[in-house]
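Visitor: Please show me the model, and explain the terms you apply to it as we go.

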Number of protein chains: 2
Amino acid sequence: MGDIAAAVETYWATAQARDWRAFGATLADDVCYEFPQTRERVVGREGVVRLNAEQLGEWSLEVERVVADATQAVSWVRFSDEEDEEETQGISFFTSTPDGRIQTITDFRPAAYEPPVGREQLTERF
Amino acid sequence: MGDIAAAVETYWATAQARDWRAFGATLADDVCYEFPQTRERVVGREGVVRLNAEQLGEWSLEVERVVADATQAVSWVRFSDEEDEEETQGISFFTSTPDGRIQTITDFRPAAYEPPVGREQLTERF
């Protein structure tokens, strides 16, 4: 049994380091990356590496939380970008191959917005 | 040691059933609910129950995935609403009290959007 939590830790550490060879080594050959918010999909290690290596700006990231069981993991990551003061949150669901590489990634980027009207009597702001 | 995965399953099943007494029983007295996208916070069981009981529409929900370790869990839930054809995704991070009730909830609602320009050569749509 591989260790999907360790693969996810390596995935983010190597992304932060822009070490795309080591990043790719965390992925199954036929890894499937999906982004439900835009309905985009990328299949295969090369494409997933390129998506990360070519498409992202001068961000740095901090892993806020990783939760994993034997075959699945979820990470919550904070991205910050020098050009943009606003922090972006990234949430990624992972499933594992039998040997502990990443088989699927489902990524979410929830954006900030104003609170809906009508529940301010129940909430405080932070 | 309590079972946070079981508490999360009960949390969603009782929300779907609008059984707010049983829903409240999954929560610590001083449960802290946070919604980072709007920077809203609700502290205490009564407020968290009211937020769910009073503020939501005629949705139904389906649990897509739960990932849990001994003290934390994450759920990915799909909400559908008869008045609104679009499905909403909900992602919730939970931490546990020692006896397996829900101590903290951090909720995200990532909305659909159009894919960014410049990566269409790498992606397919679904």
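Guide: What follows is a short set of questions about salt bridges and burial in this predicted model.

Visitor: Why is the contact of Arg119(B) with Glu40(A) called a salt bridge?

Guide: The cut-off is 4 Å from a side-chain nitrogen of Lys or Arg to a carboxyl oxygen of Asp or Glu. The N to O distance for Arg119(B) and Glu40(A) is 2.6 Å, so the pair meets the rule.

Visitor: What makes this pair a link between two chains?

Guide: Arg119(B) sits in the loop between β6 (102-108) and β7 (124-125) of chain B, while Glu40(A) belongs to strand β2 (residues 40-43) of chain A, so the salt bridge joins two chains. Both residues are buried.

Visitor: Which residues pair with Arg78(B)?

Guide: Arg78(B) forms a salt bridge with Glu64(B), with the closest N and O atoms 2.8 Å apart. Arg78(B) is in strand β4 (residues 72-81) and Glu64(B) in strand β3 (residues 59-68) of chain B, 14 residues apart. Arg78(B) also meets Glu87(B) in a salt bridge, at 3.0 Å from N to O.

Visitor: Why is Arg78(B) called partly exposed?

Guide: Buried means under 20% relative accessible area and exposed means over 50%. Arg78(B) has 21%, so it falls in between. By the same limits Glu64(B), at 34%, is partly exposed, and Glu87(B), at 37%, is partly exposed.

Visitor: How many salt bridges are there over all chains?

Guide: The count is 20. In chain A, Asp29(A), Arg45(A), Asp99(A) and Arg101(A) are linked in a network of salt bridges.

Note on methods:
Residues numbered from 1 in each chain as written. Chains lettered and ligands numbered in written order. Predicted model: local features only at pLDDT ≥ 70, side-chain atom pairs only at ≥ 80, totals over all residues. Heavy atoms only, no water. Helix = DSSP H or I, 4+ residues; strand = E, 2+ residues; numbered from the N terminus. Buried < 20%, exposed > 50% of the residue type's maximum accessible area, 1.4 Å probe, protein only.
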